[in-house]
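Student: Hi! I've just opened this one and would love a guided look. Can you show it to me?

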Amino acid sequence: MDSSKPFSTIAADHSSSREPLKVESNGEAAISLQEWRGWGTTSTVPSMVTQVVEDLNMLEKNVDAQMVFGGNHGKLSGDFKVQEDKKHRAKYQSLGDSEQKLQFFSARQIACRVLGSRGYLCQKCWLSSGDCMCSKLITCPLWNRMRFWLYMHPKDFLRQNNTGKLLWQVFGVQAATLCLYGITEHEDMMWDALKLAGKDKVWCLYPNKNAPTNSVKDSMAGLSFANVENHPEMAGGAHSLNFILIDGTWSNSGAMFSRLKDRYKLMWGEEEIPCITLNTGASLMHKLRPQPSWDRTCTAAAAIGLLDELHDLPNFVSYGLDKQAKALEDAVEVLFEALTIRRLRMGKSITRKQRHNRDIF
Ligand SMILES: [Zn+2]
């Protein structure tokens, strides 16, 4: 080990997803549909992701270096990284417009994360197999008129401390659907569903004080579901309330929101996508004991807050949203517990290293 590295750095590192483990490419070239859907997605394998994987495998054949992922999952390392860096930078430069660049950036991120997590992370909970929390999770059906969309930044895909994934773990992938930012297949799938639902059935939860927003009460208190409940033939996507949750770091969320706004405008000609803010945001975050590594936009907390505030409205009171919020809250606790156990386990190894070093000096 590098003894020149201060312990504070090592200690700081263990709260991130850094682990002293290397994942080598196992030679299985493509990402199958089964593998792709196993990670929580509902689309076909994105064609650009497939292309990136093919390019990586081709490069591995052409250069004398094995594809190795180390440190943060999805980050290439060693000689292969040097070669691939040159190649992907050249490719990025060659792309004509910012849209193509974004799509390539997203596809490369996703491809590397999937390849680097293969055989290491549990596909369902995105924790390493030894930390898997799946057996402790309790699922709960979401009220069938509601649908969440997890609009996720590629850098948050397969992150162990991501809380957006908890939504589909608890409610299922049809009630809480992953939409990866910059992945055409995902974005088209989401916007097709939103188009079917209609522009008055789409809201974005965006905690930006500068964007024009309404409270849950202002946006939702006037809605009536009696008509829908009495006409089962009207069930289906067309009458769902769609809530888009931006699942990315604070610094990425601005670009993600702009992209949503642009697409909304393109589809419906409106300048502003309807946004709602939560009253309980701050106190709920406090209640959930946010970790130092957590961004201020905790996605599951936003969903819990929304469900709780909706439940307080007379027109929503009979759909069990309070229980659904509780189920998600329990899942967040399970994730915290799993992350804490993991940190303690990694903390122990640091203590051993410290003791070892003290012996040397
Ligand atoms: Zn698991």
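Tutor: Happy to. One term before we begin: two residues are in contact if their C-beta atoms, placed from the backbone, lie within 7 Å. Keep in mind, too, that this is a predicted model.

Student: Okay, so what share of the contacts join residues at least 24 apart in sequence?

Tutor: Counting contacts between residues at least 6 apart, 77% join residues at least 24 apart.

Student: And how many helices and strands does the protein have?

Tutor: There are 13 helices and 9 strands. The protein has 361 residues, and 35% of them count as buried.

Student: What's the strand order in the open sheet?

Tutor: The order is 5-4-8-6-9-7, which makes 6 strands, with parallel pairing. At the edges sit strand 5 (176-180) and strand 7 (214-215), each pairing on one side only.

Student: Which helix packs on that sheet and touches strand 5?

Tutor: Helix 7, residues 184-197. Besides strand 5, helix 7 touches strand 4 (146-152), strand 6 and strand 8 (241-247), and its direction makes about 130 degrees with that of strand 5. There's also helix 10 (residues 250-268), which lies across strands 4, 6 and 8 and runs at about 150 degrees to strand 8.

Student: Strand 6 keeps popping up. How many bridges join it to strand 8?

Tutor: 4 bridges, with the two strands running parallel. In that direction, Trp203 stands opposite Phe243 of strand 8. Strand 6 (residues 202-205) is also joined by 2 bridges to strand 9 (residues 275-277), again in parallel.

Student: Which residues are the bridge partners in strand 9?

Tutor: Cys204 has Cys275 as its partner, and Leu205 has Ile276.

Student: Are the faces of strand 6 covered or open?

Tutor: Both are covered. Val202 and Cys204 are buried on one side, and Trp203 and Leu205 are buried on the other.

Student: Switching topic: at what angle do helix 3 and helix 4 cross?

Tutor: Roughly 125 degrees, and the axes of helix 3 (residues 47-62) and helix 4 (residues 78-94) come within 11 Å. That angle is why helix 3 counts as oblique to helix 4. Their crossing is right-handed.

Student: Which residues meet there?

Tutor: From helix 3, Leu56, Leu59 and Glu60; from helix 4, Phe80, Gln83, Glu84 and Lys87. Sorted by class, this contact has 3 nonpolar, 1 polar and 3 charged residues.

Key: Residues numbered from 1 in each chain as written. Predicted model: local features only at pLDDT ≥ 70, side-chain atom pairs only at ≥ 80, totals over all residues. Buried ≥ 20, exposed ≤ 12 C-beta atoms within 10 Å, placed from the backbone. Pairing = 2+ DSSP bridges. Axes fitted to C-alpha atoms, helices over the stretch in contact; angles between N-to-C directions. Parallel < 35°, antiparallel > 145°, perpendicular 65-115°, else oblique. Left-handed = near helix turned anticlockwise from the far one by under 90°. Nonpolar A, V, L, I, M, F, W, Y, C, P; charged D, E, K, R; others polar.
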